[in-house]
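Trainee: Got a minute to go through this chain with me? I'd like to start with the strands.

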Amino acid sequence: MKEEAYENVEERLRASYEKIRKSYRNGLAVVAVERDACGGCFNAIPPQKQSEIKQHKKVMICENCGRILVDEELHNSVEIK
Ligand SMILES: [Zn+2]
């Protein structure tokens, strides 16, 4: 049961993430968290926020540059053709 619910959240987030990426063809609107920092502006991301990003609970926005933050795994799993 728990796993199923988790997967549903994952699916929904992935779908919205793909939609977002497709609407921004330059791909700059969505960045991965790299080395504890925003991959777009290199603003440091607090550990608590990072764990929320990793849990895929909600879409997190970088407070500094306004880009959408995702963990690297999700970022790499979505391919835009
Ligand atoms: Zn940023």
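Trainee: How do β1 and β4 pair, parallel or antiparallel?

Mentor: Parallel: β1 and strand β4, residues 68–70, are joined over 3 bridges. One of the matched pairs is A32 with V70 in β4. Bear in mind that this is a predicted model, where local features need pLDDT of at least 70, side-chain atom pairs count only at pLDDT 80 or more, and totals for chains, interfaces and linings use all residues. Residues are numbered from 1 along each chain as its sequence is written.

Trainee: What counts as a strand, and what counts as pairing?

Mentor: Strands (E, at least two residues) and helices (H or I, at least four) are DSSP runs, numbered from the N terminus. Two strands pair if DSSP finds at least two bridges between them.

Trainee: And which way does β1 run against β2?

Mentor: Antiparallel, with 2 bridges between β2 and β1, which covers residues 30–34. V33 has C38 as its bridge partner in β2. The hairpin of β1 and β2 has 2 residues between the strands, and R35 there takes a positive phi near 50°.

Trainee: So what's the strand order in the sheet?

Mentor: β2-β1-β4-β3, in an open sheet of 4 strands with mixed pairing. The edges are β2 (37–38) and β3 (60–61), each pairing on one side only.

Trainee: Changing topic: how many helices are there, and what's the pattern along the sequence?

Mentor: The chain has 3 helices alongside its 4 strands. Along the sequence they read α-β-β-α-β-β-α.

Trainee: Which residues make up the largest nonpolar core?

Mentor: There are 9: V30, V31, V33, C38, I45, I53, C62, L69 and V70. β1 gives the most, with 3 residues. A nonpolar core here is a set of buried Ala, Val, Leu, Ile, Met, Phe, Trp, Tyr and Cys residues joined through C-beta atoms within 7 Å. Buried means 20 or more other C-beta atoms within 10 Å of a residue's own, with C-beta atoms placed from the backbone.

Trainee: What does I53 touch?

Mentor: Leaving out residues up to four places away in sequence, I53 touches V33, M60, L69, V70 and D71. Contact means that the two C-beta atoms, placed from the backbone, lie within 7 Å.

Trainee: Last one: which elements have the lowest and highest mean pLDDT?

Mentor: Helix α1, residues 2–23, has the lowest at 71, and β2 the highest at 95. The chain averages 79, and 75% of the residues score at least 70. pLDDT is the predictor's confidence in each residue, from 0 to 100. Where it is low, the predicted coordinates should not be read in detail.

Definitions and conventions:
A residue is buried if 20 or more other C-beta atoms lie within 10 Å of its own, exposed if 12 or fewer, and partly exposed in between; C-beta atoms are placed from the backbone.
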